[in-house]
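Please walk through the model shown here, beginning with its nonpolar packing and ending with its backbone geometry.

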Amino acid sequence: VHTALRAALTRLLTLNRDGCEQLVGDFVAEWKRLGAGAHHDTVVELAERYPGDPGAVAALLLNRVSLRPGEALFLPAGNVHAYLRGTAVEVMAGSDNVLRAGLTGKHVDIAEVLAVVDFSVLPIPFTGPVPAGGRTEFRPGVPDFALSTAGPGEIGTRLEGGAPSVVLCLDGSADLVAESGEVLALRRGESVFVPACCGRVSVRGHGHLVAATVGSREG
């Protein structure tokens, strides 16, 4: 199946530019007439926002995933993806090689995209929550990052220290207390970088926090 996916995406993204807009337009018109359901609406919406872009049709080759509050995905390198709507916390490893396949006004490098994309057929890559001392942790099993949440509601937890963290307050407020006794108050929309040398940091408050830190392969 992965070879079929590669062939289909390659065919779409390398369409002759001269006739591409007409081909995509004809397909979308037929799709509007015959289709129904979530994928139907996605193709139509993308085609209206990016007329003539074959990425609107390429969306049919991707999983369409709806995340509910408290759910998380881990997308490995080489995974074609696009965000349709909504708000989420995204944590990325340091990188200078983000590639775009379409549906954008920015530079698109089709040849490089096709060279690095992983066409393996995978299940939806949900990352399950793990309770951890008043927090909920999402551990994708890579050394680059991990994410934890506290709340919504009463918050009573701590950051274990030994690794840097970025803490973001999504709602409410919380006090962060370092081993040195230093106190920092976070309110909704504020964030703070906590260096590894701070040691354990107690977190108390009422609201909703997320904290990103480094991860481990053991997860």
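In this predicted model, the largest nonpolar core has 20 residues, and those touching the most other members are Leu9, Leu13, Val24, Val28, Leu46, Leu114 and Phe119. Helices α1 (2-13), α2 (17-34), α3 (38-49), α4 (55-58) and α5 (110-116) each contribute at least two residues to this core. Leu9 serves as an example of the packing: leaving aside residues up to four places away in sequence, Leu9 is in contact with Ala58, Leu61, Leu114 and Phe119. There is also a second, separate core, made of 14 residues, with Ile155, Leu176, Val201 and Ala211 among them.

Next come the pockets. The second largest pocket has a volume of about 370 Å³. Its lining comprises 27 residues, of which Arg135, Glu137, Ala146, Thr213 and Val214 are the closest to the pocket centre. Strands β2 (135-138), β3 (146-159) and β7 (201-213) each supply at least two residues of that lining. By residue class, the lining of the second largest pocket consists of 14 nonpolar, nine polar and four charged residues.

Two points of backbone geometry remain. Most residues other than glycine have a negative phi, and most peptide bonds are trans. Against that background, the peptide bond from Gly151 to Pro152 is cis, with omega near 5 degrees. Pro152 is located in strand β3, and β3 is one of the strands that supply residues to the lining of the second largest pocket. Leu103, a residue other than glycine, has a positive phi, near 55 degrees. Leu103 is found in the loop between α4 and α5, two helices that each supply at least two residues of the largest nonpolar core.

Definitions and conventions: Residues numbered from 1 in each chain as written. Predicted model: local features only at pLDDT ≥ 70, side-chain atom pairs only at ≥ 80, totals over all residues. Heavy atoms only, no water. Core = buried A, V, L, I, M, F, W, Y, C linked by side-chain atoms within 4.5 Å. Buried < 20%, exposed > 50% of the residue type's maximum accessible area, 1.4 Å probe, protein only. Helix = DSSP H or I, 4+ residues; strand = E, 2+ residues; numbered from the N terminus. Contact = heavy atoms within 4.5 Å. 1 Å grid on protein atoms, 1.4 Å probe; cavity = no way out; pocket = protein on both sides within 12 Å on 5 of 7 lines; lining within 4 Å. Points joined across faces, edges and corners; volume = space filled by probe spheres on them. Nonpolar A, V, L, I, M, F, W, Y, C, P; charged D, E, K, R; others polar.
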